[in-house]
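Colleague: Before we discuss this model, could you set out the terms and then take my questions one at a time?

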Amino acid sequence: MPRAKNIAFLASDTPEAQTALTRLTDRYGQVDPADAAVIVALGGDGFMLQTLHGTMHIDAPVYGMNRGTVGFLMNDYRETGLTGRLAQAEEATINPLRMVATRQGGEVVEALAINEVSLLRAGPQAARLRITIDGKERMAELVCDGALVATPAGSTAYNYSAHGPIVPIGSGVLALTAMSAFRPRRWRGALLPKSARVCFDVIDPDKRPMMAEADGQSVRDVVSVEVASEPSVSHRLLFDPGHGLEERLLREQFT
């Protein structure tokens, strides 16, 4: 059972996570992440995203234990029986989004996002966006506070708070959601195939500046942002049996 051996423990800076790190490494040992069969992340969802980004070059799945707040991507924290839990864990593979943001002046910034890529107004006035999907204009003008593209794994995060849909993990679908849409007033967003390439063009960026974010990485003064799934990058997550991503996404819709 290779998952039960060679564990690398990583923890957020919170006292709860650091205490857990000390106790678990005393019990199970510690190896460098590059040599690990499995990486155990101790913290909340934010730390899980940080861990996935930081270990994407390592061919080891990540098993999270909640020492944070929400913990949607995490398993329950228990110090005992960890090797057995790892050996029996269910694996889910997810692909991130790639953001290509062009700033005023022509600078291009690229970043990966596991949850979502979002555009947010950076001034007092509402944003105005033109939306193009796979090279075809779908909306000439969206007046809003912002918009985002979310993966299924991220659909319960910022997307859900913005009244976007929860997307099943195996659906092959991305959620395009507006934040506080003013015009069209009743537009609630769209569901797009995973292969879709979404482009947001900022209308009147001098008067209505916007910023883009990819899992918390911010780019200010953007004039256009392209978002697409990145199939060449895969993240492997482990969950206790019966508590995988598919089940969590389904359960979230009935709570």
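Modeller: Accessible areas here come from the Shrake-Rupley method with a 1.4 Å probe, and for residues only the protein chains shown count as cover. This is a predicted model, in which local features need pLDDT of at least 70 and side-chain atom pairs count only at pLDDT 80 or more, while totals for chains, interfaces and linings use all residues. Residues are numbered from 1 along each chain as its sequence is written, and side-chain values use heavy atoms, with hydrogens and water left out.

Colleague: What share of the exposed area of the protein do carbon and sulfur atoms supply?

Modeller: The protein exposes about 11,900 Å². Of that area, the share supplied by carbon and sulfur atoms is 47%.

Colleague: How many helices and strands does the protein have, and what is its radius of gyration?

Modeller: Helices (H or I, at least four residues) and strands (E, at least two) are DSSP runs, numbered from the N terminus, and the protein has five helices and 17 strands. The globule rule, 2.2 Å times the number of residues to the power 0.38, is set against a radius of gyration taken over C-alpha atoms. For 255 residues that rule gives 18 Å, and the protein is as compact as a globular protein of that length because its radius of gyration is close to this, at 20 Å.

Colleague: What percentage of the residues of the protein count as buried?

Modeller: Buried means under 20% relative accessible area, exposed over 50%, and partly exposed in between (1.4 Å probe, protein chains only). Applied to the 255 residues of the protein, the buried class comes to 48%.

Colleague: Which strands do the buried residues of helix α2 pack against?

Modeller: Helix α2 covers residues 45–54, and its buried residues are Phe47, Met48, Leu49, Thr51 and Leu52. With contact taken as heavy atoms within 4.5 Å, these buried residues of α2 pack against β1 (7–11), β2 (38–43), β3 (62–66) and β17 (235–239).

Colleague: Strand β17 also holds Leu238; is Leu238 buried or exposed, and how far in space is Leu238 from Met74?

Modeller: Leu238 has 0% relative accessibility and therefore counts as buried. Although Leu238 and Met74 are 164 residues apart in sequence, their C-alpha to C-alpha distance in space is 8.9 Å.

Colleague: Where does Ser118 lie, and which residues is Ser118 in contact with beyond its sequence neighbours?

Modeller: Ser118 lies in strand β7 (residues 116–121), and it counts as buried because its relative accessibility is 2%. Leaving aside neighbours within four places in sequence, the contacts of Ser118 are Ala147, Leu148, Tyr158, Met179, Met211, Ala212 and Glu213.

Colleague: Met211 is in contact with Ser118; which strand holds Met211, and how far apart in space are Met211 and Leu120?

Modeller: Met211 lies in strand β14 and, at 12% relative accessibility, counts as buried. Beyond four places in sequence, its contacts include Leu119, Leu120, Val219 and Val222. Met211 and Leu120 are 91 residues apart in sequence, whereas in space their C-alpha atoms are separated by 5.4 Å.

Colleague: Why is there no bond between the sulfur atoms of Cys199 and Cys144?

Modeller: A disulfide is counted here as a pair of cysteine sulfur atoms within 2.5 Å, and by this rule the count comes to zero disulfides. Cys144 counts as buried, at 1% relative accessibility. The closest cysteine sulfur to that of Cys199 is in Cys144, and the pair is too far for a bond because the distance is 14 Å.

Colleague: Which peptide bond is cis, and what is the phi of His163 and of Asp204?

Modeller: Most residues other than glycine have a negative phi, and most peptide bonds are trans. The bond from Arg183 to Pro184 is cis, with omega near -5 degrees, and Pro184 is found in the loop between β11 (173–179) and β12 (190–193). Asp204, in the loop between β13 (197–202) and β14 (210–214), counts as partly exposed at 33% relative accessibility, whereas His163, in the loop between α4 (158–161) and β11, counts as exposed at 64%. Both have a positive phi without being glycine, that of His163 near 70 degrees and that of Asp204 about 60 degrees.
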